[in-house]
Amino acid sequence: PVVARFVARRVAAPRDREDLVAQTFHRMLEALGRYDPAKCSVRGWVLTIARNLVIDHLRAMQRGRFAPSVEFLADALPG
């Protein structure tokens, strides 16, 4: 809920919000081995990931490009 609220306050389209929340947790799982609890809390770490994804998304929107949806990413993965 914390990540979803964070993203919802910054991104208008419901589908984009859902995709960004899913991407946040996907990136979190990919980077789990690099998490250092001495540097920040899990909450802060995950919100930083979400913040970076939101920034990337908004920049892509400004340039007229859209970030790939979760469905597109899932289709690109083998298996």
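A residue is called buried when its relative accessible area is under 20%, exposed when it is over 50%, and partly exposed in between (1.4 Å probe, protein chains only). By this yardstick, buried residues account for 28% of the 79 residues in the protein chain. The structure is a predicted model, in which local features need pLDDT of at least 70 and side-chain atom pairs count only at pLDDT 80 or more, while totals for chains, interfaces and linings use all residues. Residues are numbered from 1 along each chain as its sequence is written, and side-chain values use heavy atoms, with hydrogens and water left out.

The protein chain holds 4 helices and 0 strands, where helices (H or I, at least four residues) and strands (E, at least two) are DSSP runs numbered from the N terminus. Read from that end, the order of elements is α-α-α-α. The accessible surface, computed by the Shrake-Rupley method with a 1.4 Å probe (for residues, only the protein chains shown count as cover), comes to about 5,700 Å² for the protein chain, and carbon and sulfur atoms contribute 58% of it. With contact taken as heavy atoms within 4.5 Å, 57% of the contacts in the protein chain between residues at least 6 apart in sequence join residues at least 24 apart.

A good place to look inside is Thr24, which sits in helix α2. Its relative accessible area is 0%, so Thr24 is buried. Leaving aside residues up to four places away in sequence, Thr24 touches Val3, Val46, Ile49, Ala50 and Leu53. His57, a residue of helix α3 (residues 42-62), is also buried, because its relative accessible area is 4%. The C-alpha atoms of His57 and Val11 are 8.8 Å apart, although 46 residues separate the pair in sequence.

Pro1, by contrast, belongs to the segment before α1 and counts as exposed because its relative accessibility is 77%. From Pro1 to Val21 the C-alpha distance is 9.7 Å, across 20 residues of sequence.

On the surface, Arg5, Arg9, Arg10 and Arg43 gather in a patch of positive charge. Patches are made of residues with over 30% relative accessible area and no salt bridge, with like charges joined within 9 Å and nonpolar side chains (Val, Leu, Ile, Met, Phe, Trp, Tyr) within 5 Å; a salt bridge is a side-chain nitrogen of Lys or Arg within 4 Å of a carboxyl oxygen of Asp or Glu. Of the patch members, Arg10 lies in the loop between α1 (2-8) and α2 (14-30) and is partly exposed, with a relative accessible area of 39%. Arg51, found in helix α3, is partly exposed too, because its relative accessibility is 44%. Arg51 and Arg10 are 41 residues apart in sequence, and their C-alpha atoms are 9.3 Å apart in space.

Notes: Lys and Arg count as positive and Asp and Glu as negative; His and the chain ends are not counted. The place of a charge is taken as NZ of Lys, CZ of Arg, CG of Asp or CD of Glu.
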